[in-house]
Amino acid sequence: MTTIAAPLALMAELTHRCPLQCPYCSNPLELLKAGAERDTKFWLGVIDEAAALGVLQIHFSGGEPALRQDLPQLVEHATARGLYANLITSAVTLDESKLSTLAQAGLAHVQISFQGARPQTADRIGNYRGGHEKKLQMARLVTQLGMSLTVNAVVHRQNLEELPAMIDMALELDADRLEIAHVQYHGWALKNRAALMPDRAAFEAADAIVAQKRQALRGKLTFDYVVPDYYARAPKTCMGGWGQKTLNITPDGRVLPCHAAETIPGLTFDRAGTTPLAKIWFEGQAFNAFRGTAWMQEPCASCDMKTIDFGGCRCQALALAGDARATDPVCHLSPLHQQILEMAETESMADERDFVYRRI
Ligand code: SF4
Ligand code: SF4
């Protein structure tokens, strides 16, 4: 019998509201309105249960979590329960007073998303005028207040040429970490794929830049690099393995094994506050649907990599192969691999530049 370890992290999606409208947002296409959000009492209870379950990190996320007035209270409560508190934010609704309050409440880490290195590019992608300048101001404040800063740079065809400038920007902001993530094609990104897909030459050039800078800046800036799936040979170990490291709670309180799990039909998502979090983690139908390796089909079932990458992403398998149990088609052993590669190359040549912006 396989032992199920406690989760490492809880992703608390406090709200789907966000002033930005990124065309690659990982939130679902059907966004929840403010009225569907759970209240402070609910989230305080979730934090208590998570700490008792053994969770070590809480990521306050959204949408834009700083739109919640109770964010400092939740951060304070999480810190008091021994959790490492991280805020994943667009930063445009923050100011000095709010950031100071959060720092005093115990917030340890702030991840600020940047849509580019130049204001014109970034503000167009997020569809929010003045956003880039505000992010720069808030990023400087984060480090001045003694919190760790990660710069999140999501890259794609329409901003990849700014990659060297984004690296310089992270250095200038004194970030501890720079996460360069090629767009993952879920949610809104799948809808905008033809406008976002880079061509292979641009992807290879970006790879070389990251490799060179990572070496040159060793000890100064830590790099996390997420490659574009469709050009990969092997899939990512999605979420560190389904139901193995992370719980994701939606603004209306449903507990998911990953943020896109709702796209998979036939899964039942229990509600926190109604069912104990520990029961959901250990016994929940959705968490056990793809846990471990017993559910796998060939070629995963007899592959040496199956306990390393767990067959890749289930949501991507559904989106591209039409079957959530299939091998993630980005894997070179998938019968669909070549087709996906050719589709990526064709889409990367598209004239499409206009975005379908994320809207509630
Ligand atoms: S990706 Fe953009 S739109 Fe989506 S939550 Fe983050 S900042 Fe808001
Ligand atoms: S066949 Fe499955 S387990 Fe093997 S590398 Fe591909 S996705 Fe991973």
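The following paragraphs lead through a predicted model, from a residue before the first strand to three helices and two ligand sites.

Pro 7 offers a point of entry, since this residue is found in the segment before strand S1, which spans residues 9-13. Pro 7 is buried, because 23 other C-beta atoms lie within 10 Å, and a residue counts as buried at 20 or more. Leaving aside neighbours within four places in sequence, Pro 7 is in contact with Leu 53, Val 55, Lys 245, Thr 246, Leu 247 and Trp 281. With Gly 266 the relation is one of separation: Pro 7 and Gly 266 stand 259 residues apart in sequence and 23 Å apart in space, C-alpha to C-alpha.

Attention may now turn to the helices. Helix H1 comprises residues 40-53 and helix H2 residues 71-80; their axes come within 10 Å and cross at roughly 20°. H1 is therefore roughly parallel to H2, as angles under 35 degrees are classed in this way. The crossing in which H1 passes H2 is right-handed. On the H1 side of the contact are Thr 40, Trp 43, Leu 44 and Ile 47, which meet Gln 73, Leu 74, His 77 and Ala 78 of H2. By character, the residues of this contact of H1 with H2 comprise five nonpolar and three polar ones, with no charged residue.

H2 also packs against helix H3, residues 96-105: the axes of H2 and H3 come within 8 Å and cross at roughly 20°. That angle makes H2 roughly parallel to H3, and H2 passes H3 in a right-handed crossing. Here Leu 71, Pro 72, Val 75, Glu 76 and Thr 79 of H2 meet Thr 101, Leu 102 and Ala 105 of H3. The contact of H2 with H3 contains five nonpolar residues, two polar residues and one charged residue.

The ligand sites complete the picture. Ligand 1 is surrounded by Cys 18, Leu 20, Gln 21, Cys 22, Cys 25, Asn 27, Gly 62, Gly 63, Glu 64, Ser 90, Ser 113 and Arg 358. The shell around ligand 1 divides into four nonpolar, six polar and two charged residues. Around ligand 2 there are 14 residues, of which Cys 300, Cys 303, Met 305, Cys 331 and Leu 333 come nearest. The shell around ligand 2 consists of eight nonpolar, three polar and three charged residues.

Note on methods
Residues numbered from 1 in each chain as written. Chains lettered and ligands numbered in written order. Predicted model: local features only at pLDDT ≥ 70, side-chain atom pairs only at ≥ 80, totals over all residues. Near = placed C-beta within 6 Å. Nonpolar A, V, L, I, M, F, W, Y, C, P; charged D, E, K, R; others polar. Helix = DSSP H or I, 4+ residues; strand = E, 2+ residues; numbered from the N terminus. Buried ≥ 20, exposed ≤ 12 C-beta atoms within 10 Å, placed from the backbone. Contact = placed C-beta atoms within 7 Å. Axes fitted to C-alpha atoms, helices over the stretch in contact; angles between N-to-C directions. Parallel < 35°, antiparallel > 145°, perpendicular 65-115°, else oblique. Left-handed = near helix turned anticlockwise from the far one by under 90°.
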